[in-house]
Amino acid sequence: RRVIRLSEYAPYPFRVDSLALAFDLDPAKTRVQATLRLTRTGTAADLELDGEDMTLVSVALDGETLPADRYTAGDGKLVVRGVPDAFTLDVVTEFAPAENTKLEGLYVSDGMFCTQCEAQGFRRITYFPDRPDVMTRYTVTLRADKAAYPVLLSNGNRIEQGDLDGGRHFAVWEDPFNKPSYLFALVAGDLERVQDGFRTRSGRDIELNIWVEHGNGPRCTFAMESLKKAMKWDEDVYGLEYDLDLFNVVAVSAFNMGAMENKSLNIFNAKAILADPDTATDAEYEYVESVVAHEYFHNWTGNRITCRDWFQLSLKEGLTVFRDQQFSADMRSAPVERINQVRSLRGRQFPEDGGPLAHPVRPDSYIEINNFYTATVYDKGAEVIRMMHRLLGAEAYRKGIDLYVERHDGTAATCDDFAAAMADAGGRDLSQFKLWYSQAGTPQLRVTETYEDGVYALTIRQHTDPTPGQPDKRPLHIPLEVGFLDRTGQPLPVRLEGEDTAADSRVLELREAEQTFRFTGLAEKPVPSLNRGFTAPVRLVETPHTDADRALLMAHDPDTFARWEAGQQYAVDLLLKMVAARAAGSNEGPDTAAFVEALGSSAADESLDAAFRAQVLTLPSDDFLAEQMAVIDIDGIHAAREALRRDIARAHGALFRRLRDTHRAAAGPFAPTAEGAGHRALANAALSYLGLDAANAKLALEQYRAADNMTDAMAALRVLNDLDVPERAEALDHFHDRFKGDPLVLDKWFSLQAMSQRPDTLARLKDLMGHPAFSMRNPNRVRALIGVFANANPVRFHAEDGAGYAFLVDRVLELNSLNPQIGARLLQPMGRWRRMEAARKALMTRELDRVLATPDLAPDVYEIASKARA
Ligand code: HT7
Ligand code: ZN
């Protein structure tokens, strides 16, 4: 298991001038002929190509079959000795796509051929320099049985097609753009086409196709609309236009992640394409919209400009996530989008950054690159771009993008290249800022205040804890937006001492371990609103806020995000005190009345957006609370959160009934709009409080039965799922019978049971693994049942007897040979053992040791297990 290091990067010593691939597709034995034209650009005598899990049939150089003593194949490489300066290499390989359970390279999903080459799947198709800085032009010939695989697709344009003997046919595709091997794709299958078109701003007509399993065409309407919106948005906001005449999207059922941006042939997990009112929730519609946009945006940020090496992954992913976040904010409510991003950052990225798997946005070493498609590379990476956007301002940021494209189009670039374009366009020194790329860990800010003689001073200290391999941290360059309110909630001017201008809000730039900012022109001590809009991905571990300040900010902060945030911080404080009181065996918890009152006022405030009010009603997650504790008290956190929810439900029963009824009515007949989704979210947030009382089971069942959409049906099921009432089984059985023919929808039924608080949950999961729709070979099923159990059911997963851990590890070991990429991901929650109490620590480490003692561990699983255990 070799460790790959950024510091060892060296350019490839050959240029690949072109690549022709010819596939004879057969599930049991596919044959690939690759013809590479190569030119030496460095000093290496031998040619080294990557290749894995294939049979090498023959190698020919300039048309002459090479004798076996001219090359060696093994250990993931083909080495051809003593090659000339310029030559043609023909390599023939064979393998069985039907037996490819890793879903990397060429495989079969529901009877169709498809590929997944990022990051290193291409080397499972043919021998090639499988690294993103080797770009070339591809011509691809596909040959397959015509009846079974009438549709043959690859990247670029189809330049030829026809029939062959024996019921076979062929198609030839040519991609006019240079690309790295990870963007190669092919699809062959019997598929339904949903066709549409888009006229670009320069007047070119693009053919758009979405290809799905027969019968699923009507479920693609929303994805197609999303694609057209994304194409338009990228022209309007980034000045970026699509560059081919054809754009294909294919949905497949067995897929390791959400989707893949292969040049002009995006391949999607069916989950990220299919949406209709009966089967998709509002959140799933939104997911489809953002994934379709994300993959489309990669055409420029990823494909036209790609990554020099995989350490630069955030160059394309952080930037493209930021772009899809901007897009969603423009399509929907910007503050609500920001709230959801911050929830996810806190729920997934902060724990990663504070645990044994912490790594910088630009990692400096890895064993298996698949393990680095993380919340840090994606979501913290997006926060880094967002901070640059904030530091430069929208206009200079856009100039920076233009400059980046001008300098690097058609090449493989680095994060430094991106930052240099931003620094040059914005006329800013970003050298300290770039530490965000290389330094892991979430910075903690401590803020104190003084007010004397009309001068208000904020002293801000920053600190980042050590992370693996990085014991000492340097201060970061942090943009922190602040505003001031008076005691009645009116905004006060923000004016730095020595400056003439005052503003309602202002971005402070922190650069030192401790800094004091002095503000003048204030007749009273203001209440500060800190990190408005979440301008920096930091933890405010100490602020001068009192409970009364928080209630004031909840009610009056002009920044909508900050109003939500004040409520969350208030809740966190209370909940942690409740956990501490319970742990001390005390019945005397903190007084929750003022908080409950403030929450009710926000929820009742008709001047606020419904979607926002639903967010206010959602308390911080168990995971986020766990992050704040030195030793995590799983049961205590859960009990406290439930207790606070009950306090809220008791105080506001009448309000919640009213909200449920009026916003259900306001939503009207289902349409997947942001506005309708907002009404449904608020009505269902209210229902979730009402549903704490088993007497409301009937109300939930009625909603389930009457629902004209999946959002309302699922909200009702979630309520019933945690109640011990006959209505629970009635609704779950009904759902099962209705959707048993649609595994993608049945995933929700699996997940509900995996999330259940009932004591028999684990036993039930074991039964469900025998359900005819369940398969360890389909990642969606695995995530729905096992992933949800390990990540969204802390109480049952962390059961005191350790049975939850043992179950998870059994599944990981099964996946170690079937699909190690998915196995490694599943193992991640086990890294939390350090923060658990002694008994759970022992159980968790014993299970990690069991993984490490297993022979033939895949590098993916070994890397996570060893780092998690360290
Ligand atoms: N760029 C893609 C990342 C990816 C992937 C996708 C599907 C299956 C396996 C994969 N490995 C890496 C997805 C994206 O960020 O757009
Ligand atoms: Zn991406």
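The expected span of a helix is 1.5 Å times one less than its number of residues. By that rule helix H5 (residues 375-392), with 18 residues, would be expected to cover 26 Å, and the 25 Å from its first C-alpha to its last is close to that value. The structure is a predicted model. Its chain holds 870 residues, and the radius of gyration of 28 Å agrees with the value near 29 Å for a compact globule of that length. The chain contains 27 helices and 34 strands.

**Overall architecture**

- The C-alpha trace spans about 85 × 70 × 60 Å along its principal axes.
- Buried residues account for 50% of the 870 residues in the chain.
- Of the contacts between residues at least 6 apart in sequence, 70% join residues at least 24 apart.

**Annotated domains**

- An unreviewed UniProt entry places the feature "domain: Peptidase M1 alanyl aminopeptidase Ig-like fold" at residues 441-541.
- In the model, residues 441-541 are 47% strand and 0% helix, and the C-alpha atoms at the two ends of the span are 14 Å apart.
- The UniProt annotation "domain: Peptidase M1 alanyl aminopeptidase C-terminal", also from an unreviewed entry, covers residues 547-869.
- Residues 547-869 are 73% helix and 0% strand, with end C-alpha atoms 40 Å apart.

**Helices H5, H10 and H25**

- Helix H5 is mostly covered, with 16 of its 18 residues buried.
- Directly after H5, Gly393 adopts a positive phi of about 90 degrees.
- Helix H10 (residues 560-583) comprises 24 residues and reaches 35 Å between its first and last C-alpha atoms, close to the expected 34 Å.
- Just after H10, Gly585 has a positive phi of about 70 degrees.
- Helix H25 (residues 820-827) is largely enclosed by the rest of the structure, because 8 of its 8 residues are buried.
- The buried residues of H25 are Pro820, Gln821, Ile822, Gly823, Ala824, Arg825, Leu826 and Leu827.
- The cover over these buried residues of H25 includes helix H22 (779-792), helix H24 (803-818), helix H26 (838-852) and helix H27 (859-869).

**Surroundings of ligand 1**

- The shell around ligand 1 has 13 residues, of which Gln116, Glu118, Asn256, Met257 and Met260 come nearest.
- By class, this shell is made up of 5 nonpolar, 4 polar and 4 charged residues.
- Strand S22 (259-260) and helix H2 (282-297) each contribute at least two residues to the shell.
- Glu118, one of the residues that come nearest to ligand 1, is joined to Ala119 by a cis peptide bond with omega of about 0 degrees.
- Ala119 is located in the loop between strand S11 (112-116) and strand S12 (135-136).

**Positive phi at aspartates**

- Asp53 is not a glycine, yet its phi is positive, at about 55 degrees.
- The position of Asp53 is in the loop between strand S4 (47-50) and strand S5 (55-61).
- Asp53 counts as partly exposed because it has 16 C-beta neighbours inside 10 Å, a number between the limits of 12 or fewer for exposed and 20 or more for buried.
- Asp453 also is a residue other than glycine with a positive phi, near 50 degrees.
- Asp453 occupies the loop between strand S27 (444-452) and strand S28 (455-463).
- With 5 C-beta neighbours inside 10 Å, Asp453 counts as exposed.

**Strand S34 and Leu540**

- Leu540 belongs to strand S34 (residues 539-542).
- Leu540 has 17 C-beta neighbours inside 10 Å and therefore counts as partly exposed.
- Although Leu540 and Arg446 are 94 residues apart along the chain, their C-alpha atoms are separated by 6.2 Å.
- Apart from neighbours within four places in sequence, Leu540 is in contact with Leu445, Val447, Leu530 and Asn531.

Conventions: Residues numbered from 1 in each chain as written. Chains lettered and ligands numbered in written order. Predicted model: local features only at pLDDT ≥ 70, side-chain atom pairs only at ≥ 80, totals over all residues. Helix = DSSP H or I, 4+ residues; strand = E, 2+ residues; numbered from the N terminus. UniProt positions renumbered as here; feature names shortened; annotations may be inferred. Near = placed C-beta within 6 Å. Nonpolar A, V, L, I, M, F, W, Y, C, P; charged D, E, K, R; others polar. Rg over C-alpha atoms; globule rule 2.2 N^0.38 Å. Contact = placed C-beta atoms within 7 Å.
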